[in-house]
Amino acid sequence: MSNVRGPRTKEKMREIAIVENGSILIEEDRIVAVGAFEQLEVDFPELVKKAKIIDASGKVVMPGLVDCHTHLVHGGTREEEFNMRLNGSTYMEIMNAGGGIHATTKLTRDTSFDDLYEKTRQHLDTFLKHGVTTVEAKSGYGLDWETEKKQLEVAKKLQATHDVDVISTFMGAHAVPRDYKGREDEFVELVILDMLPKVAEQELAEFNDVFCEKGVFTPEQSKRILEAGKALGLTPKIHADEIEPYKGAELAAEVGAISAEHLLVASDEGIQKMAEAGTIAVLLPGTAFFLRAPFARGRLMIDEGVPVAISTDFNPGSSPTMSLPFIMNLACMHMGMTLEEVLTATTINAAYALNRGEQIGSLEVDKKADVIILDVANYKQLQYFYGMNHTNTVIKNGQVVVQNGILLKEQ
């Protein structure tokens, strides 16, 4: 059992506490003990006697993966934009031409609740088969209350019905709607005075996020939105310094955000301030890969003492993947992270980025029994055999939900 609390930083991100030939004893939905099987038989004879044995010989057993930044609920796809980028268009050029977030906003507004629910349910099935047991889901493809609420209610229903835990983030400030062009401050007021109070009152989200980016929301506007959410009990997150350096990392530290996300071009000063504040850097190498952009300086952030998590950023425009294992590969290959650091970044640090670090993210006594069994001989093979899904078995809340790579029930 680790005596470290809080997200791991610096050399602690490399300490993954390997137990050779170990066993995990689970009762109902909790971990009772971790250690040698013979010792568990001595310490818990009755529990071991009645336990169902899962033989994981020759495999890796580890905590369920935590995907702490996704735009899970959305309508449609945007493969045409992918083709446009391959032919030279930039992300912001596509967005300013009516594509990007605006295109998905229209598709999401036009998609019924039931169709959104079914599409998202299928996505969660895919996440689960890749070993992900907890997912964050941002809204932000409505930009009006009706659609933002629809997205959040889809996520809330899936949290109640799907094996994957779904944790909601309100992101009404994902972009400025077209009909508010030139009246950006009016939209900021709409988010602050109308949407945020409804989110809090109806308990539709735990976190509040904003896209602080040149041409989207300024640092001043972003601060107002995040502070307003804090006053209503919503924990701040921030899309920061993704395309241009814009003081987003500095703002994250200033407002006490639990995490700052993207950070492809975060400044040295911003990284230092995040380290001082303990703000978690949620890095999204799949977005840099798909947009052919510079990767975030993950190695530097870790060395400077910033706690780092990594995530898919699953969304239809800039990272249409549900493979967190592949994202782990990218973090090793393009952000200078070690094999051990990417495991920490997708388990315990990702759990803390969702304020769940005391419940999930490691195999410790009294934590939730979210466990995955992988078809590799040791943890180093996870990244050595790249671009593959090694998940054999998923145990969620103490119940086997994936076996031999197959979902055991319709979600």
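Here are some short exercises on side-chain contacts in this predicted model.

**Exercise 1. Work out what the salt bridge between arginine 14 and glutamate 341 joins, and how exposed each partner is.**

Start with the distance: N to O comes to 3.2 Å, which fits the 4 Å cut-off for a salt bridge. Next, place the two residues. Arginine 14 sits in the segment before strand 1 (22–27), while glutamate 341 belongs to helix 15 (residues 339–345), so the contact ties together parts 327 residues apart in sequence. Now check exposure. Arginine 14 has a relative accessible area of 44%, so call it partly exposed. Glutamate 341, at 1%, is buried. For the wider tally, the model has 34 salt bridges.

**Exercise 2. Find out how aspartate 110 and lysine 106 are placed in helix 5, and whether they are buried or exposed.**

The closest N and O atoms of this salt bridge are 2.9 Å apart. Both residues belong to helix 5 (residues 101–110), and because they are four residues apart, about one helical turn separates them. As for exposure, aspartate 110 and lysine 106 are both exposed.

**Exercise 3. Trace the contacts of lysine 237.**

First, take its salt bridge with glutamate 261: the closest N and O atoms lie 3.4 Å apart. Lysine 237 is in strand 8 (residues 235–240) and glutamate 261 in strand 9 (residues 259–262), so this pair ties together parts 24 residues apart in sequence. Second, look at burial: lysine 237 and glutamate 261 are both buried. Third, widen the view: a salt-bridge network links Glu136, Lys138, Asp209, Lys237 and Glu261. Finally, add the ring contact, with lysine 237 over the face of phenylalanine 207, 4.9 Å from the ring centre.

**Exercise 4. Classify two of the six aromatic pairs by geometry.**

Begin with phenylalanine 127 and phenylalanine 314: their centres are 5.8 Å apart and the planes make an angle of 80°, which is edge-to-face. Phenylalanine 127 lies in helix 6 (residues 113–129) and phenylalanine 314 in the loop between strand 11 (308–310) and helix 14 (324–334), so parts 187 residues apart get tied together. Phenylalanine 127 is buried at 0% relative accessible area, and phenylalanine 314 also counts as buried, at 4%.

Then move to phenylalanine 187 and phenylalanine 217, a stacked pair with 6.3 Å between centres and 25° between planes. Here helix 8 (residues 184–201) supplies phenylalanine 187, and the loop between strand 7 (207–212) and helix 9 (219–231) supplies phenylalanine 217, 30 residues apart. Both are buried. Tyr180 joins Phe187 and Phe217 in one aromatic cluster, and arginine 183 lies over the face of tyrosine 180, 4.5 Å from the ring centre.

Notes: Residues numbered from 1 in each chain as written. Predicted model: local features only at pLDDT ≥ 70, side-chain atom pairs only at ≥ 80, totals over all residues. Heavy atoms only, no water. Salt bridge = Lys/Arg side-chain N within 4 Å of Asp/Glu carboxyl O. Helix = DSSP H or I, 4+ residues; strand = E, 2+ residues; numbered from the N terminus. Buried < 20%, exposed > 50% of the residue type's maximum accessible area, 1.4 Å probe, protein only. Phe/Tyr/Trp six-rings, centres within 6.5 Å; stacked < 30°, edge-to-face > 60°. Lys NZ or Arg CZ within 6 Å of the ring centre and 35° of its normal.
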